[in-house]
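Reader: I would like a close look at one part of this model. Please keep it brisk.
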Amino acid sequence: MGIVTPGFTGRGRGGDVPLPPGQYLGKGFPVLSVGPTPKVPLETWEFTITTEAGVKHSWSWAELRALPAQEPTVDIHCVTKWSKLGTHWRGVSLDTLMAGVDTAADFVLVHSYDGYTTNLPLEDLLDGQAWIAFDHDGEDLAPEHGGPARLLVPHLYFWKSAKWVYDIELTLENEPGFWEAAGYHDYGDPWREQRYQGD
Ligand SMILES: Nc1nc2c(c(=O)[nH]1)N[C@H]1C(S)=C(S)[C@@H](COP(=O)(O)O)O[C@H]1N2
Ligand SMILES: [Mo]
């Protein structure tokens, strides 16, 4: 499936590229990780969604891969100011994963295998806005970019797209994640340039 590029002007890309304020078109695909790349064997890998009532929904690697996948083409924007347009991914929509989950939560705290966390409103994961992605540009997602699987939430700054995703914890209250607790913006909309608290 394709995603319409937000803000595309239709005037072509010759120096007229639709980028959020303060961003530039980066070359390549930088790796930004707080710590070392965790090693997670596929035999023991699992992904869970934990509700505010403590109910755990879990998928093994085989179970995740057996679900219908989508192929979003999306722009990504890092708070360090590089953007990449038209990146190709393959993954399972959060709509598919949340379909059988009963919750009254308004927020999520995403946990990763490296201990990283990031928070988002639950609604930002739904309606075709987020995926558990395991393939980039037609290849298995590279370990340094979050393989076996990462969260992909392209409409927010890329720090919200947790690599090596492990658990999506549904929460009634908004709890700041790693960068959010360190002074980065709670929501992180690149089009409103919400880089830091107070932006
Ligand atoms: N688990 C985990 N996810 C993470 C990070 C991290 O350190 N650990 N860094 C974040 C930041 S700040 C960015 S910009 C992107 C970078 O993704 P990339 O390394 O694939 O470019 O991953 C985000 N997700
Ligand atoms: Mo980042």
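Reader: In which loop, between which two strands, is aspartate 127 found? Please go on from there to the ligand site.

Author: Aspartate 127 is found in the loop between strand S7 (117-121) and strand S8 (131-136). Strands here are DSSP runs of type E with at least two residues, and helices are runs of H or I with at least four, numbered from the N terminus. The model is predicted, so local features need pLDDT of at least 70, side-chain atom pairs count only at pLDDT 80 or more, and totals for chains, interfaces and linings use all residues. Residues are numbered from 1 along each chain as its sequence is written, chains are lettered from A and ligands numbered from 1 in the order written, and side-chain values use heavy atoms, without hydrogens or water.

Aspartate 127 has a positive phi of about 60°, although it is not a glycine. Another backbone feature is the cis peptide bond between glycine 147 and proline 148, with omega at about 15°. Proline 148 lies in the loop between strand S9 (139-140) and strand S10 (150-152).

UniProt, in an unreviewed entry, places the feature "domain: Oxidoreductase molybdopterin-binding" at residues 35-179. Such annotations may be inferred rather than shown by experiment. That span is 9% helix and 39% strand, and its end C-alpha atoms lie 13 Å apart.

Now the ligand. Ligand 1 is surrounded by 20 residues (a heavy atom within 4 Å). The closest are Pro30, Val34, His145, Arg150 and Lys163. By class, the shell has 13 nonpolar, 4 polar and 3 charged residues. Nonpolar means Ala, Val, Leu, Ile, Met, Phe, Trp, Tyr, Cys and Pro; charged means Asp, Glu, Lys and Arg; the others, Gly among them, are polar.

Some atom pairs stand out. A backbone N or O atom of proline 30 lies 2.6 Å from an oxygen atom of ligand 1. A polar backbone atom of serine 161 is 3.2 Å from a nitrogen atom of the ligand. For serine 112, a polar side-chain atom lies 3.3 Å from a ligand nitrogen atom. The protein covers 98% of the 530 Å² of accessible area that ligand 1 has on its own (Shrake-Rupley method, 1.4 Å probe).

Note on methods: Polar contact = N/O pair within 3.5 Å; in protein donor to acceptor, adjacent residues only side chain to side chain.
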